[in-house]
Every structure is written in structure tokens, then in C-alpha cells.
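I opened the model to look up a metal site and a helix. My notes are below the view.

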Amino acid sequence: MTSSVLLLGQTLSFTANPMHTSVDDAAHWQTHGAVLIEGGIIAAVGERDAMRARYPMAKTVDYGDHLITAGFVDAHAHYPQTAIIASWGKRLIDWLSTYTFPEEMRFGDKTFATDIAQRYLDLTRANGTTTVATFCTIHPESVDAIFEAAEQRGQRIVAGKTCMDRNAPDGLRDTAQSGYDDSKALLQKWHGRERASYAITPRFSPTSTPEQLEAMGTLWAEHPDCLMQTHLSEQVDEIEWVKNLFPDARDYLDTYERFGLVGPGALMGHAIHLTPRERARMKDLDVSLVHCPTSNTFIGSGLFDMQGLTAEGHRIGLATDTGGGSSFSMLRTMAAAYEIGQLRGTALHPAQLYWLATQGSAQALRMEDKIGNIAVGMEADLTVLDLSSTPAIAQRSARANTPWEALFPTIMMGDDRAIKDVWINGKKG
Ligand SMILES: [Zn+2]
């Protein structure tokens with residue numbers, strides 16, 4: 001018989017998307033809640049006293065007033081950039097050449113890659129993140145390193161070999177053929193093994209030839225159950241560059257679309273400066289857009305149109321974009337999404353921010369039936385928040401009149417000190 005664990009505390013779960021449904025109808029906040037975990041799965045959810053009476057044999061962990069939620073899902077990151085996070089003074093293209101490419105060069109060394117992969121998963125777990133979708137480097141060693149590290153922790157993960165066959169330095173380019181061959185071998189090795197999912201990963205159009213993008217499209221057509229992750233329309237200069245590299249393309253999206261890389265399961269990081277055609281096409285094809293707000297302000301990229309894209313019905317996730325993003329924390333990322341919303345004239349509700357960081361990102365990864373929410377049958381990836389983790393937060397939340405008012409200071413000012421515990425696959429991490 002599997003042993004069961006009953007977690008007691010406040011609980012937050014969603015029955016609908018608060019971007020489209022009123023917060024009161026979409027979000028369920030239980031001040032005396034309980035979550036029963038059995039065999040890595042959420043087996044029951046309910047009111048504290050009733051659950052204790054129903055499951056007297058379960059081992060109990062009492063979190064008091066702490067808030068139990070789904071673990072955070074970071075839908076776009078670059079784990080190889082862990083050690084160069086917060087590098088000063090550059091915009092996208094210069095930032096890649098100055099900081100990113102020299103660091104990524106080191107990941108052909110499996111020992112080095114494993115060290116950073118472990119460090120990255122330690123840092124993200126400490127920040128309450130239980131699933132990430134990450135780019136690797138061009139080296140297969142970098143892909144094995146992160147999948148192995150995640151498997152040791154029983155952690156759900158999406159990753160893929162970053163493919164680049166032009167506009168990258170010597171030692172950091174593959175070819176159309178080797179990009180295809182290596183990606184295929186890694187995909188066959190890892191996709192669907194334990195909790196691993198493979199994402200076909202061309203970095204972005206400027207660093208792939210049309211031949212490589214075509215090869216990626218062929219591979220995706222052969223393995224349509226995989227995800228495909230890349231970048232789209234992050235900076236204005238980048239879009240000009242793409243125009244020069246692909247003079248026949250209708251727009252940036254078309255540089256992917258013409259090679260079969262736009263469809264359900266495609267994850268487009270950033271998606272800031274979009275044309276009406278690109279927006280309509282991505283909506284029609286149910287593409288996932290991934291908002292990376294700390295990155296967008298840090299690198300000076302622009303302001304994502306959350307309100308407009310939400311109204312159009314796009315599938316939208318939230319992400320750190322480590323290390324273009326300036327934080328490993330999805331709390332800080334929610335705060336930045338709030339700030340960008342304010343700069344565009346919309347105040348996102350704490351429920352909307354929290355939904356984006358959990359179920360929204362899970363939907364972007366097409367894993368919403370497995371992760372990103374507290375509900376019976378979901379995988380038991382949970383984060384427990386202390387809503388009074390610092391004196392500044394505690395004195396503000398003490399004044400709260402509603403649960404949302406108690407949560408918002410932690411979203412805006414919280415960090416890893418707010419993460420009381422993390423449960424991954426039903427085990428305390
Ligand atoms: Zn990125």
C-alpha cells in the first residue's frame with residue numbers, strides 16, 4: 001500500500017482561467033484546506049477537518065497559515081546561462097555575443113554541464129519552481145546533463161538541444177544535418193522517459209539557415225507529439241536582422257511557418273513586436289506565447305501586450321528567460337508582469353498573475369492535465385508559501401482584508417525566503 005501524506009494549510013486552486021472568467025468563479029481559496037498526496041498524485045482536496053476525519057491514517061504535515069499552491073512552471077529558460085545571469089550593459093545581439101556564447105561554449109564538457117544543471121535545478125527549486133522548459137546548448141552533453149539531473153529529482157522537465165548553424169562563433173555551430181541527427185537521437189533517448197519531454201529547439205531564425213529550419217520542421221513532422229521552442233520578435237533590431245536574412249518572408253513568424261515550425265505545441269518566447277498577421281496566424285494555429293517580463297525590461301526589449309493577446313484568446317505562459325531574465329524566481333517574474341501590465345494600462349489581478357505562473361504556463365506546455373494546479377489526479381508538484389516571509393511583507397500582509405491582499409505583497413516583494421517547502425512528484429524536495 002502506498003503511504004499517503006496529508007498537507008494542511010491554506011490552499012489555492014483554479015477551476016477556470018481568471019484571465020477570462022471572474023476571479024471569484026475561477027479561483028478557489030480555502031483558508032482551512034488540505035491536500036492528500038498518494039503515490040506522487042494528488043488524491044483528494046478539501047476542507048481541513050473533513051479531510052483529517054476521512055484520512056486518519058495519513059501522515060500529516062501542518063503548514064498552519066502558509067499557502068499551498070501548485071508548483072511554479074517556468075515555460076522558457078536557458079539553464080546554461082545560470083552563471084552569467086545579471087550581466088551588465090548589453091542589448092540582445094551584443095548580450096549574446098559578449099556573455100552568452102562564450103559561456104555556452106563550455107557545455108561540451110559533460111562534467112561542467114552537469115554541475116550547472118544541478119545548480120540550476122537547485123536554484124529553481126529553492127524558488128518554488130517544479131517544472132521548467134529550458135534551452136540547452138548545441139552540445140548533446142548539455143541535454144543529457146539536464147535530463148539526467150531532473151530524472152534524479154523525479155522532476156517534470158522540457159528541454160532540447162539548441163540548434164545554430166550560422167551567426168554564432170566557431171565551436172558553437174552545428175549543421176542542418178548534425179542538428180537534425182543529434183536532436184533526433186536525443187529525442188528518441190529522452191522524450192517520454194519518466195517525466196521528461198523533448199522540445200525541438202532552433203534558437204531563433206538569425207542563427208539557423210533555411211536548411212536547418214527545414215530540417216527542424218521535418219523532425220517535428222516526424223515527432224508531432226514533441227514540443228518546439230524558439231524565440232520570436234523580442235527586439236526591433238532583431239526583427240530588422242531577420243528581414244535582411246529572409247528577404248522573401250512575409251514577417252518574422254513566416255521564417256518559421258514556411259518550414260512547418262508553427263502549430264500546436266510551438267512555444268514562442270517573447271512575442272512582443274507582432275504584426276496583425278502574426279497574431280492572427282498564431283491564434284488560428286493555437287501557438288503558445290511565452291511572456292518573459294524580467295528579461296524584456298532587463299535587456300530593454302519592449303512591453304508584451306498581455307491584455308490584447310489575452311482578449312484575442314491566445315495561449316500564454318509566463319517565464320523567467322534565465323539568464324536574459326534577471327531572476328530565477330517566478331514571484332519576481334509575476335511582479336515584472338504586473339509592472340509591464342501597468343505600463344500598458346492594465347493592472348493584472350494577483351489571481352491572474354498566479355494563474356499565469358502555474359496553469360497558464362502548464363497550458364503553454366500542453367501539460368495542464370498533469371501540472372500547474374491543485375486538483376484530484378494531478379501530479380503532486382506543490383509549493384508552500386510563507387505569506388509573511390520578511391518584516392516588510394509581514395507588516396503589509398497583516399493589514400490585508402482579503403486573501404488576495406495578503407498574497408500580493410509576496411508576489412511583489414517575495415523571493416526564495418517566501419518558499420517554505422517544495423513537493424516534487426509527491427516528495428518533499
Ligand atoms: Zn530565451
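These entries cover the metal site, then the helix. I kept in mind that this is a predicted model.

**Entry 1, zinc donors.** I looked up which protein atoms serve as donors of the zinc ion. They are NE2 of His76, NE2 of His78, NE2 of His231 and OD of Asp321, at 2.1 to 2.3 Å from the ion. I wrote their spacing along the chain as H-x1-H-x152-H-x89-D. The pair of histidine 78 and histidine 231 links distant parts of the chain, 153 residues apart. Histidine 78 is in strand β5 (residues 72–78), and histidine 231 is in strand β10 (residues 227–232).

**Entry 2, burial of that pair.** I checked the relative accessible area of both residues. Histidine 78 comes out at 3%, so I noted this residue as buried. Histidine 231 has 5% and is buried too. The cut-off for buried is under 20%.

**Entry 3, site geometry.** I looked up the angles among the four donor atoms of the zinc ion and found 90 to 169 degrees, an irregular site. A tetrahedral label would need all angles between 85 and 135 degrees.

**Entry 4, helix α14.** I then turned to α14, residues 350–364, a helix of 15 residues. From first C-alpha to last, α14 reaches 19 Å, close to the expected 21 Å. I found a kink of about 50 degrees in α14, with leucine 356 at its centre. For cover, I noted that 14 of the 15 residues of α14 are buried. After the helix comes arginine 366, and I recorded its phi as positive, near 60 degrees.

Note on methods. Residues are numbered from 1 along each chain as its sequence is written. This is a predicted model: local features need pLDDT of at least 70, side-chain atom pairs count only at pLDDT 80 or more; totals for chains, interfaces and linings use all residues. Side-chain values use heavy atoms; hydrogens and water are left out. Helices (H or I, at least four residues) and strands (E, at least two) are DSSP runs, numbered from the N terminus. The expected span of a helix is 1.5 Å times one less than its number of residues. The bend at a residue is the angle between axes fitted to the seven residues ending there and the seven starting there. Buried means under 20% relative accessible area, exposed over 50%, partly exposed in between (1.4 Å probe, protein chains only). Donors are N, O and S atoms within 2.8 Å of the metal (3.2 Å for Na, K and Ca); water is not among the atoms, so sites may look incomplete. Four donors count as tetrahedral if all angles lie between 85 and 135 degrees; four count as square planar and six as octahedral if opposite donors are over 155 degrees apart and all others between 65 and 115; anything else is irregular.
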